Each structure stands twice: as structure tokens, then as C-alpha cells.
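Q: Could you take me through the aromatic ring pairs in this model, one at a time? I'd like to see how each pair is arranged and where its rings sit.

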Amino acid sequence: MSQGVRTGPEGSGQALSTAYDTALLDLDGVVYAGGSAIAHAVESLEVARAGGMHLAYVTNNALRTPDAVAGHLTELGIPTGADDVITSAQAVARLISEQVPAGSRVLVVGGEGLRVALRERGLEPVESAADDPAAVAQGYGGPDLAWGRFAEASYAVARGVPWFASNTDLTIPSGRGIAPGNGAAVEVVRIATGAEPQVAGKPLPPMHRETVLRTGAKRPLVVGDRLDTDIEGAFNGGVDSLLVLTGVTDGRQLLAAPPQHRPTYVDADLRGLLTGQPEVRAEGDGFRCGGWTATAGADQLELNGEGEPLDGLRALCAAAWTAAGDGSCELDGGKALARLGL
């Protein structure tokens, strides 16, 4: 990643799948949504893999085991082994194992993925605060997680047992829309206890460390749909990132992104791995990409020209991020985005 504050998306003369050795791919909102593959994902990943790019799948969802995730991807037409999947459950289990004795009991509030990850680290999952746990581990447990699980966590945390969370994503994408994520469940325990958990998942360093340890990536590219997890995680790890617009981030959020949320590249979907990226050039008092020129006016972002909508969005990013400096752009980009249909 280039040093300093990013003031616009970068260009690449090479296809990203050849410029980077490993794609660290988020799953929900990038590869699939609601269990079904997102358009162009399967074919794009097949071509990237055939060209020599290592594909690794990095998810904050701690519910499913790597075996289950790999099986699901394989069913979708993306051949995947369990070793290619890195979860926040694995990251939080390693974090806990470094702070409690081997063989310690850990109260689990979550699903099978978290239990398997804890056992992998030599820890014993338990179900009750009465089991004398050395730690509490909280991860996404699915929509049917019983309310009583939060009570067990609260009892233990309130008496001083160290509390760990796989991640704090407030929402997750689903086939029916946006649903509450593990962060919403963490808030339940936080409200009951007033405590703060140690968090392992994206965008924090434990997740990036887990990913590098398990993949051996030398020149990774983080690919995600969320600014506050995927892109910020890449920023914290000092690596480049590709934002795809198939998940939760929209044009307004992208234009308002502070420095830690600004991706290296922006594309519509995973086909962006297979191409170079157009350059955004400073031109007079504006920024040009393809057939579009974007400028920062007194109270709004302005866009002139015509061409590919994504080129217009890239130009707008450069205008907005340059105007914002090390803050968030407060200029209205609504009319410009409407011209692009975004």
C-alpha cells in the first residue's frame, strides 16, 4: 500500500490476479449472498485460480467451520479446501489460547465453528457460567441462538471472566436483506455488564495475523464489500484492497470514506480481479477517469462527461477524497451519483 493519505483509487496496468499472489476474499456480499453465488463470482474466481492466483476466503462469520465453508463453496462451483478458509473463530481462538493456560475451559456463545476453533487450540468449550470458564468467547450463532446464551455470558463477564468476541460486525447481508450480525449480539452483553471484549476479527490485527500465518501470502490483495471491516483491515495490515459493489457499501458511503476506509481499487464485482484498473488523472481543478471529469464544488461534487459509470465513480472518489484530506467528505454527491445510476 502506498504511504500517506489516499486521495483516489489507483490504476493498474496488470490484471489484479497477476499483480498479486493471493486474493484474501471476504465471503458474504463478495462471493455469495444468502447462500447463493453472486453474479460473475464463480467464473471470475475460476479464471483467477487458473492464472496462478491463490484464493483464500477470509470471513468474520464464526458460525460455520472451515470444512463447512469449503464444502459450500465447492457446491457453488468454486473448488475449495478447508485450509483455504480463515475465520474469525480461528483468530479469536488463537487470541484466547495466548492468554489462558492450555486445556482451559471457555464458555461459548456461538456456533460450531467457534467450538471447533477452540478445540484446535487445545481449549475446552463449555456451555455455562457455572462451569468455571477461564474465558468467554462470543461469535455469530445464527438466527436461532437462544437468548439464554447471552445471560450465561453476562453472568461470567460480570464476575470478571475475560471476554473475547470473534468480531463486532453489527450487520450481515442475507438473501432477504440486511440482518443483525455478531456485533448486535455483543451489544447485548455489553449493555448487561458494562464490559468491553477483546475483538479478533476484521478490521483488527489478530485477523490479519491469522490470515498471513495460514496462507503464507507475500503480496496479498484484500477483496471485500465493507469499508469498516475489509478495507479498514487491509489498511491496518498495510496491504492493498479491492472494494466490490455487490454487498453493503454504496456510492455515498464510498465518497464519504475517511482514509482508513479508502480502497486501493474499486470495481463492480469479482470480474475486477481479471482486468487492470483505469488510472485517475488530475486535470485542472478536477479528476478524470475514462470519459468523466469530477470536481469538488462549494457544496457538492460535480460530474461532467459520459462513459462507463464505474469510471465516473472513480473520478468522484478522487475529487471527494482529495477535498476531504484526512477527514470524511461532506460534499453532496447525490446528483453526481444519480447521473451514474449508482
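**A close look at the aromatic pairs**

A: Counting by ring centres within 6.5 Å, you get two aromatic pairs in this predicted model. Let's start with Tyr-20 and Tyr-265. Their ring centres are 6.3 Å apart and their planes meet at 75°, so this pair is edge-to-face, since the label calls for an angle over 60 degrees. The two partners come from distant parts of the chain, 245 residues apart. Tyr-20 sits in the loop between helix H1 (16–19) and strand E1 (22–25), while Tyr-265 belongs to strand E15 (residues 265–267). Are these two rings buried or exposed? Tyr-20 has a relative accessible area of just 3%, so it is buried. Tyr-265 comes out at 4%, so it counts as buried too. The cut-off behind both calls is under 20%.

Now for the other pair, Trp-147 and Phe-150. This one is edge-to-face as well, with 5.3 Å from centre to centre and 85° between the planes. Here you don't have to hunt along the chain: both residues lie in helix H6 (residues 147–158), three residues apart, which is about one turn of the helix. Their surroundings tell another story, though. Trp-147 has a relative accessible area of 62%, so it is exposed, whereas Phe-150 is buried, at 9%.

So, to recap: Tyr-20 and Tyr-265 link distant parts of the chain, and Trp-147 and Phe-150 pair up within helix H6.

Notes: Residues numbered from 1 in each chain as written. Predicted model: local features only at pLDDT ≥ 70, side-chain atom pairs only at ≥ 80, totals over all residues. Heavy atoms only, no water. Phe/Tyr/Trp six-rings, centres within 6.5 Å; stacked < 30°, edge-to-face > 60°. Helix = DSSP H or I, 4+ residues; strand = E, 2+ residues; numbered from the N terminus. Buried < 20%, exposed > 50% of the residue type's maximum accessible area, 1.4 Å probe, protein only.
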